[in-house]
Amino acid sequence: MNRRTRTLLLAVLAAMPVVAGAVDLDAFLKKDSFNDIKISPGGDYFAATVPLEDRTALVIMQRSDNAVTGHFVMGQNTHVSEFEWVNPERVVISVAEKMGALAAPRPTGDLYAINADGTDAEILVGQSVKSDNRGSRIQAKKLEQVAAWLVDDLPNDDKYVLIGVSPFTADPYTQVDRIDVYTGRRQQMARAPVRNAVFLTDNEGKVRFAAGADTDNRQQVFYRDGKGSEWVLIHASGDSGLEWWPIGFSADNDTAYFQVDQPRGPDSIIAFDIASRTESTVLRDDVADPARILYRRGLHEPVGAVYFDGIRKTAFFDDASPEARLYRSLEAAFGDVPVLITSHTADGNTALVHTWSDRSPGDFYLFDIAAKKAEHLLSRRAWFDPELMSAMRPIKVQARDGLELHGYLTTPNGSSGRNLPMVVMPHGGPFGVQDAWGFDSDVQMLAQAGYAVLQLNFRGSGGYGNAFESAGAREWGGKMQDDLTDATRWAISEGIAARDRICIYGGSYGGYAALMGAAREPDLYQCAVGTVGVYDLPTMHTDGDIQRRGSGETYLREWIGERNSLAAVSPNRMADRIKVPVFLAAGGEDERAPIAHTQMMERALRKAGVPVEALYFANEGHGFYLEKNRREYYTRLLAFFSRHLGGGTPASDAGAAAGTE
């Protein structure tokens, strides 16, 4: 489609009323071509993660011709979660498990390494040293029940890196080892003085900070000098709950930087003078926490941060710094869309640049820094035309108690944005999780079906400071739910949502919020959808994977509530208040929200005479991987919404899998 034809088409669409149409489900079911990509220090190779049906592989390509020279892939539900070039020819790989598409990756603790040409694949450390059976040339290691993660890739050392090592015990004490990336031989460099610790090294690769928490979940931060002396406590969160997270050092290692909770408002970034123990604020946004720290190339020196105050933006300690000037140049060149430098060559001449938007899943470019010239490398989903996708608009809503809430509204491309059927979509988590501006497949699918989509970062969400997140503690079914109600009513009052055509839909915590919304506000929503949700809160204290360690038990008590107080905010015990049709879906292998929650919810609804449709996949976990299952789920989801809101259904399956109620 040429530019003139596309412009004419968009003008015609803008002049037409939105009519529920067919959804191109195949386009949304298709996996990304790849997730992340990084250039090697020498600039000769790319390493990229490639999503498969139920696992994620690593592929290494030669830059000169994009020929695949090596690959790494493991078993079902196992994903390459992190990877780093540790020298010009070798990649270190962290592996994680995800028992379902909505589950947070859970590191297995295994570290592997592979050469750029695919040779010398090696498990370096981890629990799988005795059981690896991939049929490769991976050498056997001694049996150790430990988990490991990369702490410092030691840019000036091609043979060694620093890793964190943790025994497989509840709330462990961790340590830092130096490890040979070819043989796996290790030497202990430091041991944490507090449980569950993470570490920070300086620019010489010396371990200087350890931050962790005991079973009470109260953070402690310890410091030691570069000579490896005894640890000294420099911060404890105590009853305030305010935490300091070490993020880097100045080039001379005399100043440390922290991301610091504040009593009110968003986190700040402070400079901490190590000699005098004095601090000063170097960066703070009016609304949002730092979402990502930006560093000087080749150093652990932070220079700025990425923020999501509505649309993503960058801010720098010094606007005249080379990094700030480079980012401003890139942002201008790419039309003010978000830009992130993901990796550099060691000589600093070439950068790999990631761009994305609310309408685009993302593109990667090679950028010649001296020539200021960008060359397109790859698109995550080239089959989507950004100009035909729907825009996501940042919104602000005032809660009934005066708290300012932030979120996003997506309206169908070409619509007037008025009097639309709407889907309210609360995120999962809920604590510390944030809906952010960018391409969201579910949102775009619903918009293509003709729906406005409302996403709200209700209190308890991450990204807006400690006080905002803490305001959600013990508010399941309470003020967090009120926030969603207030945002829905705001959309009605603004003329965006048709009052009698609104449904609420979510996964995990969002599934809980959807059913609680239907129970607490029986006249506000016309239907509700809960996917892999938790519906009986007392059960969270006895079943699932959270309560298995002391810190998890503390979390449940402090953030969800005491077991004997939760029946009153459990939607399966409020089914008689629900007056609208419900669609439930769950996986039989789900550990985070066991399938029993959905079965209890379904039974309670049927007993109360509520129309309910349930879909179970015995071979899925916390979210659905398999293409056939995802196709059935989304076909039935769209059919359910169509019956109650009037939107579109899949083009290839229109009228199929309508379900029963």
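Which residue in β20 does I269 stand opposite? That one is settled in the first close-up below; a word of caution first: this is a predicted model.

**View 1. A hairpin made by β19 and β20.** The residue standing opposite I269 is L283 in β20. The two strands, β19 (residues 268-273) and β20 (residues 278-284), pair in the antiparallel sense, and six bridges hold the pairing. Four residues lie between the strands of this hairpin. One residue to look for here is R277, which takes a positive phi near 60°.

**View 2. A second hairpin, from β13 and β14.** Here strand β13 (residues 198-201) runs antiparallel to strand β14 (residues 207-213), with four bridges joining them. If you want to follow the pairing residue by residue, start with F199, which faces A210 in β14. Then go to L200, whose bridge partner in β14 is F209. Five residues sit between the two strands, and in that turn G205 has a positive phi of about 80°.

**View 3. The sheet that β13 and β14 belong to.** Pull back from the hairpin and you get an open sheet of four strands, ordered β13-β14-β15-β16, with antiparallel pairing. β13 and β16 (232-236) are the edge strands, and each has a single partner, so one side of each has no neighbour in the sheet. On average, neighbouring strands in this sheet are turned by 20° against each other, direction ignored.

**View 4. Helix α4 crossing helix α10.** The axes of α4 (residues 441-448) and α10 (residues 627-645) come within 11 Å and cross at roughly 45°. Angles from 35 to 65 degrees fall outside the roughly parallel and roughly perpendicular classes, so α4 counts as oblique to α10. The crossing of α4 past α10 is right-handed. On the α4 side, the contact is made by D442, M445 and L446, and on the α10 side by Y634, L638 and F641. Sort the residues of this contact by type and you get five nonpolar, one charged and no polar.

**View 5. Helix α6 against helix α7.** In this pair, α6 (residues 479-493) and α7 (residues 509-520) have axes that come within 10 Å and cross at roughly 70°. That angle makes α6 roughly perpendicular to α7. M480, Q481, D482 and L484 are what α6 brings to the contact, where they meet Y509, A513, M516, G517 and R520 of α7. By type, the contact holds five nonpolar residues, two polar and two charged.

**View 6. Backbone oddities in two loops.** What kind of peptide bond joins G429 and P430? The bond is cis, with omega at about 0°. You'll find P430 in the loop between β30 (420-424) and α4. The other spot to zoom in on is L154, which is not a glycine and yet has a positive phi of about 45°. L154 sits in the loop between β9 (146-152) and β10 (160-167).

**View 7. Where the close-ups fit in the whole protein.** Overall, there are 10 helices and 35 strands to keep track of. The radius of gyration is 25 Å, close to the 26 Å that the globule rule gives for 661 residues, so the protein is as compact as a globular protein of that length. Along the principal axes, the C-alpha trace spans about 70 × 65 × 55 Å.

Key
Residues are numbered from 1 along each chain as its sequence is written. This is a predicted model: local features need pLDDT of at least 70, side-chain atom pairs count only at pLDDT 80 or more; totals for chains, interfaces and linings use all residues. Side-chain values use heavy atoms; hydrogens and water are left out. Two strands pair if DSSP finds at least two bridges between them. Axes are lines fitted to C-alpha atoms, for helices over the stretch in contact, and angles run from 0 to 180 degrees between N-to-C directions. Angles under 35 degrees count as roughly parallel, over 145 as roughly antiparallel, 65 to 115 as roughly perpendicular and the rest as oblique. A crossing is left-handed if the near helix is turned anticlockwise from the far one by less than a right angle, and right-handed if clockwise. Contact means heavy atoms within 4.5 Å. Ala, Val, Leu, Ile, Met, Phe, Trp, Tyr, Cys and Pro count as nonpolar, Asp, Glu, Lys and Arg as charged, and the others, Gly among them, as polar. The radius of gyration is taken over C-alpha atoms; the globule rule is 2.2 Å times the number of residues to the power 0.38.
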